[in-house]
Amino acid sequence: MPFVQVNLWSGLPLETKKKIVEGITKVFTDIGIPAEAATIILIEEPKENWATGGKLHSEQDPDYLH
């Protein structure tokens with residue numbers, strides 16, 4: 001049974017999280033795996049715990065990848 005862990009920035013709206021979970025679930029159902037068999041965990045982290053290109057995301061342009 002599939003288990004998917006998604007790490008993402010804190011603060012996404014509930015509707016966005018629902019879309020993420022629905023989209024991932026659809027990938028599995030499209031290949032014949034029942035939706036009930038897929039477990040998805042969303043792990044939220046603050047931007048100050050993420051960095052790209054040697055810069056913390058909390059210190060980058062606030063609209064970058066948001």
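This passage describes the strands, the nonpolar core, the salt bridges and several individual residues of a predicted model.

The description begins with the pairing of two strands. Strand 1, which covers residues 3-9, is joined to strand 2, which covers residues 39-45, by 7 bridges. The two strands run parallel. Two pairs of facing residues illustrate this arrangement. Val4 of the model stands opposite Ile40 in strand 2, and Val6 stands opposite Leu42, also in strand 2. A helix belongs to the same part of the description: helix 1 spans residues 14-30, and together with strand 1 and strand 2 it makes a β-α-β unit. The handedness of this unit is right-handed.

The nonpolar core is considered next. The largest such core has 7 residues, namely Val4, Val6, Leu8, Ile24, Phe28, Ala38 and Ile40. Two elements, strand 1 and helix 1, each give two or more residues to this core. The greatest contribution comes from strand 1, with 3 residues. Val4 and Ile40, both members of the core, are also the residues that stand opposite each other in the pairing described above. Another core member, Ala38, is in contact with Phe28 and with Pro2, when neighbours within four places in sequence are left aside. Phe28 is likewise listed among the residues of the core.

Thr25 has its place in helix 1. The relative accessible area of Thr25 is 17%, and this residue is therefore classed as buried, since the cut-off for that class is under 20%. Apart from neighbours within four places in sequence, Thr25 is in contact with Ala35 and Ile40. Ile40 thus appears in three settings: as a contact of Thr25, as a member of the core and as the residue opposite Val4.

Charged side chains form a further group of features. Side chains of opposite charge can pair when their charged atoms come close. In this model the count comes to 3 salt bridges. In one of them, the side chains of Glu15 and Lys18 meet with an N to O distance of 3.5 Å. Glu15 and Lys18 are separated by about one helical turn, because they are 3 residues apart in helix 1. Glu15 is partly exposed, with a relative accessible area of 49%, and Lys18 is also counted as partly exposed, at 38% relative accessibility.

Another salt bridge joins Asp30 and Lys26, whose side chains meet at 2.8 Å, N to O. Both residues lie in helix 1, 4 residues apart, which is about one turn of the helix. Asp30 has a relative accessible area of 55% and is therefore exposed, as the cut-off for that class is over 50%. Lys26, with a relative accessible area of 48%, is partly exposed.

A salt bridge is also formed by Glu44 and Lys17, with the closest N and O atoms 3.0 Å apart. This pair links distant parts of the chain: Glu44 is in strand 2 and Lys17 is in helix 1, and the two are 27 residues apart. The relative accessible area of Glu44 is 34%, and this residue is partly exposed.

The description closes with two residues outside these elements. Met1 lies in the segment before strand 1. With a relative accessible area of 84%, Met1 is exposed. The C-alpha atom of Met1 is separated by 14 Å from that of Ile41, a residue 40 residues apart from Met1 along the chain. Gln60, in turn, is found in the segment after strand 4, which covers residues 55-56. Gln60 is buried, with a relative accessible area of 17%. When neighbours within four places in sequence are left aside, Gln60 is in contact with Thr52 and Lys55. With regard to Thr52, a polar atom of the Gln60 side chain lies 3.3 Å from the backbone oxygen of that residue.

Definitions and conventions:
Residues are numbered from 1 along each chain as its sequence is written. This is a predicted model: local features need pLDDT of at least 70, side-chain atom pairs count only at pLDDT 80 or more; totals for chains, interfaces and linings use all residues. Side-chain values use heavy atoms; hydrogens and water are left out. Two strands pair if DSSP finds at least two bridges between them. A crossover is right-handed if, with the strands pointing away from the viewer, the path from the first strand over the helix to the second runs clockwise. A nonpolar core is a set of buried Ala, Val, Leu, Ile, Met, Phe, Trp, Tyr and Cys residues joined through side-chain atoms within 4.5 Å. Buried means under 20% relative accessible area, exposed over 50%, partly exposed in between (1.4 Å probe, protein chains only). Contact means heavy atoms within 4.5 Å. A salt bridge is a side-chain nitrogen of Lys or Arg within 4 Å of a carboxyl oxygen of Asp or Glu. A polar contact is a pair of N or O atoms within 3.5 Å; within protein, one must be able to donate a hydrogen and the other to accept it, and residues adjacent in sequence count only if both atoms are side-chain atoms.
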